[in-house]
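Colleague: Please choose one part of this model for a close look, and explain for a first-year student how it is set into the rest of the chain. I would like one connected account, with each term explained where you use it.

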Amino acid sequence: MTEQHPPVCDYEGSDYQTSFWEEGGRAYEDKAEEIALKRLLPKSGKLLLEIGAGAGRNTPRYKDYERIVLLDYSRTQLQQAQERLGENDRYIYVAADAYRLPFVDGLFDGATMIRTLHHMKDAPAVLRQVRRVLQPASKFLLEYANKLNLKAILRYLLRKQDWSPFTPEQVEFVALNFDFHPKTVRKWLKEENFKLERQLTVSHFRIGVIKKIFPSSFLAWLDSFAQLTGDLWQLAPSVFTISQAVGETEIASADAFFQCPQCNHAPLDETPETLTCPGCNAKYAIRNGIYDFREPL
Ligand SMILES: C[S@@+](CC[C@H](N)C(=O)[O-])C[C@H]1O[C@@H](n2cnc3c(N)ncnc32)[C@H](O)[C@@H]1O
């Protein structure tokens, strides 16, 4: 399946960071993810692309990268990230669609995508874009929502759920929210020129009653051991993977950065308030420190 412009799950104006994370009782999941990130992230890097950065919950965890591009479709999520991270030249904020990344080929030496693939109807198309903007041998840390999780298996066997967790196709459990089969994600990564290096299963204890009984730090500690089985089997609701970009592809020249998402022309002419594409004349706004490629002015 490859669509030209697949639909986007729009978080504009959403209070996701507060309602889901800060007030949503997800301290355990947040800690478990921090542990997985620490295990998988490279120890150093120059320029990281964080796709679906949201309000920047994970961005401080990428401390070993010199600079980070926070990319998100939602301008208001990026504004929240700016408030959280403060004024800092290390961070570059870009509002854009992951299906049309506004960067030249081979720009980044790392990329992450956490809790974002699950909004992608056409996941291979996004993985292709990620590979395009990565330099050869760079690392891609991808998290995805796993349809083959224990809870889904039990619900299916007890006939409380009509879709099968065992079949390879993705399941859209709510509009534009997809769970994927681990085998299918591995196949896509391979097809899009990524070599899978390691998998960690995360949030094994994401069950309301367990979270009520045990403190989040204890569950995260238990999870840290369970995560290590990720290369053997994947039965947790979330899977973290690290892959290497393979194949002989370009490395961007030192002065190249943005490219036009309409016509793929680069470089763009920059003034303090706009970027203009000499190829198709499209103009993109730079507002309050956010490069806005969602649509031309
Ligand atoms: C569930 S949030 C995760 C945010 C962050 N990664 C985290 O883990 O806290 C998903 C994010 O993906 C962004 N998103 C969804 N579809 C997108 C697309 N097509 N292009 C860019 N960002 C997208 C949303 O705006 C939202 O901020």
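Modeller: The account below begins with one strand and then moves outward to its neighbours, the sheet and the whole protein.

The model is predicted, and for this reason local features are described only where pLDDT is at least 70, side-chain atom pairs count only at pLDDT 80 or more, and totals for chains, interfaces and linings use all residues. Residues are numbered from 1 along each chain as its sequence is written.

The part I have chosen is strand 5, residues 134-145, in which nine of the twelve residues are buried, so this strand is largely enclosed by the rest of the structure. Strands here are DSSP runs of E with at least two residues, helices are runs of H or I with at least four, and both are numbered from the N terminus. A residue is called buried if 20 or more other C-beta atoms, placed from the backbone, lie within 10 Å of its own, exposed if 12 or fewer do, and partly exposed in between. Ala137 is a residue of strand 5, and it counts as exposed because 12 other C-beta atoms lie within 10 Å. The backbone of Ala137 also deserves attention, since its phi is near 75°, a positive value in a residue other than glycine.

Strand 5 has a partner on either hand, and two strands are said to pair if DSSP finds at least two bridges between them. With strand 4 (residues 108-113), strand 5 runs parallel, and five bridges join the two, while with strand 9 (residues 238-245) the pairing is antiparallel and extends over seven bridges. Lys139 is a useful residue to follow here, as it is the bridge partner of Gly110 and also stands opposite Gln244 in strand 9. Phe140, in turn, has Ser243 of strand 9 as its bridge partner. In a regular strand the side chains alternate between the two faces of the sheet.

The link between strand 4 and strand 5 passes through helix 4 (residues 123-133), and together these three elements make a right-handed β-α-β unit. Right-handed means that, with the strands pointing away from the viewer, the path from the first strand over the helix to the second runs clockwise.

On the other side, strand 9 is itself mostly covered, with seven of its eight residues buried. Eight bridges join strand 9 to strand 8, and these two run antiparallel. Ser243, which was named above as the partner of Phe140, also has Leu196 standing opposite it.

Strand 8 (194-202) brings us to the border of the sheet, for strand 8 and strand 10 (269-270) are the edge strands, each pairing on one side only. The sheet is open and has eleven strands in the order 8-9-5-4-1-2-3-13-12-11-10, with mixed pairing. Elsewhere in that order, strand 2 (residues 65-72) and strand 3 (residues 91-95) run parallel and are joined by five bridges, one of the paired positions being Ile68 with Tyr91.

Tyr65 lies in strand 2 and is buried, with 22 C-beta neighbours inside 10 Å. If residues up to four places away in sequence are not counted, Tyr65 touches Gly45, Leu48 and Gly110, where two residues are in contact if their C-beta atoms, placed from the backbone, lie within 7 Å. Gly110 is also the residue that has Lys139 of strand 5 as its bridge partner, and this brings the account back to the chosen strand.

Two loops complete this part of the picture. Ser203, in the loop between strand 8 and helix 7 (208-213), has a positive phi of about 70° although it is not a glycine, and it counts as buried because 25 C-beta neighbours lie inside 10 Å. In the loop between strand 9 and strand 10 we find Pro267, and the peptide bond from Ala266 to Pro267 is cis, with omega near 0°.

As for the whole, the protein has eight helices and 13 strands. Its radius of gyration is 19 Å, close to the 19 Å that the globule rule gives for 297 residues, so the protein is as compact as a globular protein of that length; the radius is taken over C-alpha atoms, and the rule is 2.2 Å times the number of residues to the power 0.38. Buried residues make up 43% of the 297 residues.
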